[in-house]
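Please work through the exercises below with the sequence and the model side by side, and try each task before reading its solution.

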Amino acid sequence: MTSLSDLPVDVSPRHEGERIRSGDMYVELAGPKSFGAELFRVVDEDELEPDKVEVIGPDIDEMEEGERYPFGILVRAAGEDLEEDVEGVLERRIHEFCNYVEGFMHLNQRDQIWCRVSKDAVEKGFRLEHLGIALRELFKEEFGNVIDAIEVTLMTDEDRVKEFVEKAREIYRKRDERARELSEEDVDEFYVCLMCQSFAPTHVCVITPDRPSLCGSITWHDAKAAYKIDPEGPIFPIEKGECLDPEAGEYDGVNEAVREHSQGAVERVYLHSCLEHPHTSCGCFQAVVFYIPEVDGFGIVDREYQGDTPLGMPFSTLAGEASGGEQKPGFVGVSYGYMESDKFLQYDGGWERVVWMPKALKERVKHAIPDELYDKIATEEDATTVEELREFLEEVEHPVVERWEEEEEEVEAEEERAEEAAEERPTMELEELPVAPGGGLNVKIVLKNAKIYAERVIIKREDREGKG
Ligand code: SF4
Ligand SMILES: [Zn+2]
C-alpha cells in the first residue's frame, strides 16, 4: 500500500503556511467561483472498504490548466471508540492535513472550502489520488487510537459534488441544532481552541454552547469530543468561573484563560458584543459583523458574498480589518451557528441592531432572524451606500431609527440643560475661586458645547513655593 514517503510531493507540517497565488496555480477546486464541501463521517466498519481512496470525476491530469472545478472531500471512518460527536473536530483537521501536502492549498471549511493545486506539484506528478492517500495516512497516524478503518473519497464530478454538498449541509445543520440544545447557563466548562495561533498568535477561540467557534466547525459538543480523543491537542476545557455580566457574556474564567493563552495581549472578552471587548478574530470566520457608525447599526457579510458592503468595501477588505487575533471593537468574526444563537450580539442589541446583510446570507439564516425584523434588514438590493441605507432604514422604520431619535433628543436635552445652567450660574470672578492648600487651583472646569476662540494660548507652569 502506498505510504506518505512514496508520494511525488512532500507531506509535512512545514508546508502549512504555503500560499498558491493565481500565477502559480494549475487548477482551483471549489472556492467562491465554484462550489464544494468536506465531510467527515463516522460509520460502522462494514459500511466502508478499509484504506480505499477513490476519485470520482476527472483527476488533475484530465483537468485543464487554469480552470476551476467543483470539489468534494468525504472521509469515512470506523472505530470502536469513535463516536459521531467527534465528526466536527476530525473534519476540521482535513484543513490542516490538506495543507501538509506540498503544492496543495486548502482554505476555509465545510461548504466554503477553497483549494488550489500548484503547477510545480502537477509537474512532479501530483494527482488527487495522492491527496486522498495523504489524508488517509495522516488521520491514521494522528488518530490511530480511535480510528480502526478509514476510507477517502474525492469528488470532482459536477453532479456528484452537487449532491454531496446538499447532503453535507443537512449534516452540518443537524450538528449545529444539537449544539443549540444547551446554553451557557447549563454548563460549568467552556472550551478554548488555539489551533489558529500559528498565524494569529494572540487569538484564543472561546467555545460555549451559545457561541460555536467563528470558523463554524467547532461547537461546544465538538470541542468536548475533541478533548476526549486528543487531550494533548489544541482544544481543551476551561472553567467558566463567575458570570460577571450575563448580557455581555463576561466570565472571569474566560478572561483568565484568554489572558493566559494570549500571553497577556487580551485581558477581557465580552462573548456577546461587537463593540466592547469583542472576541478576537483569526482569519477563518464564516462572516464578519461590522459596525456602521452613520446608522448606529451592524452589517454582516459572509465569505460567499462577492460585492461591496455599504461601507464601500467587500468581504475581503473587511476581513483584513477584523483578522489577526487582536481585539478590534466594531469588528467581530462569527459563524453561521452563532448567528442562530439566542445570545447573538445580545449586549449590543442583537438582531434589532442588524441593518444590512447580503440577500443570500439573510436567506440562509432566515430562521434565526425575528420575523418582524426580516424585511427591515437591508440587502445589496436595497442599499449599497450608507446614504441609501439610512433612507431605507427610515422608510421601513427599523428599530435603530429610534436610537437616532433618542440620540438626537439626548443631544437637544443636553444643550438645553447647558443653556439653563449657564443662565442660572452666578458669575464668579477668578480671584474668588477656591484655592487649595499649597496655593494651586484645585478646580475642574467642564466645558460643554462651548466654542473658545483665542489668538494665542500660553500655558505656563509656575512653581508654587518659588525657586529651589
Ligand atoms: S477558528 Fe478558532 S475554533 Fe476554529 S480552528 Fe481556529 S482557533 Fe480553532
Ligand atoms: Zn482561524
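The exercises that follow concern a predicted model, and each solution proceeds step by step.

**Exercise 1. Find how confident the predictor is in the protein chain, and where the pLDDT stays under 50.**

Begin with the chain as a whole: the average pLDDT is 91, and 91% of the residues score at least 70. Next, look for stretches with low values, and you will find that pLDDT stays under 50 over residues 428-441, for which the model has 11 contacts beyond four places in sequence. Residues 464-468 also have a pLDDT below 50, and this stretch has 3 contacts in the model beyond near neighbours in sequence.

**Exercise 2. Check whether the end C-alpha atoms of helix H3 lie as far apart as its number of residues suggests, and then describe its surroundings.**

Helix H3 covers residues 128-143, which makes 16 residues. At 1.5 Å a residue the helix should span 22 Å, and because its end C-alpha atoms are 22 Å apart, the two values agree. Now turn to burial: the buried residues of H3 include Leu-128, Gly-132, Leu-135, Arg-136 and Phe-139. Among the elements that cover the buried residues of H3 are strand S3 (53-56), strand S5 (71-78), helix H1 (87-100) and strand S8 (149-155).

**Exercise 3. Decide whether Val-152 is buried or exposed, and name its contacts.**

First locate the residue, which has its place in strand S8. Then count its surroundings: Val-152 has 25 other C-beta atoms within 10 Å, and since 20 or more are needed for a residue to be called buried, Val-152 is buried. Leaving aside neighbours within four places in sequence, Val-152 is in contact with Val-53, Val-75, Gly-132, Leu-135 and Arg-136. Finally, consider Arg-173, which is 21 residues from Val-152 in sequence and 22 Å from it in space, C-alpha to C-alpha.

**Exercise 4. Describe the two assigned domains and the contact between them.**

The domain assignment gives domain 1 (4-178) and domain 2 (184-352), and their C-alpha centres lie 26 Å apart. The contact takes 18 residues from domain 1 and 20 residues from domain 2. On the side of domain 1 that touches domain 2, H1 and helix H4 (158-179) each supply at least two residues, and the largest share, 4 residues, comes from H1. Sorted by class, that side of domain 1 has 5 nonpolar, 4 polar and 9 charged residues.

**Exercise 5. List residues around ligand 1 and sort the shell by class.**

The residues around ligand 1 include Arg-92, Met-195, Ser-213, Cys-215 and Cys-284. The shell divides into 9 nonpolar, 1 polar and 1 charged.

How values were computed
Residues numbered from 1 in each chain as written. Chains lettered and ligands numbered in written order. Predicted model: local features only at pLDDT ≥ 70, side-chain atom pairs only at ≥ 80, totals over all residues. Expected span 1.5 Å × (residues − 1). Buried ≥ 20, exposed ≤ 12 C-beta atoms within 10 Å, placed from the backbone. Contact = placed C-beta atoms within 7 Å. Near = placed C-beta within 6 Å. Nonpolar A, V, L, I, M, F, W, Y, C, P; charged D, E, K, R; others polar. Domains from an automatic or database assignment. pLDDT = per-residue confidence, 0-100.
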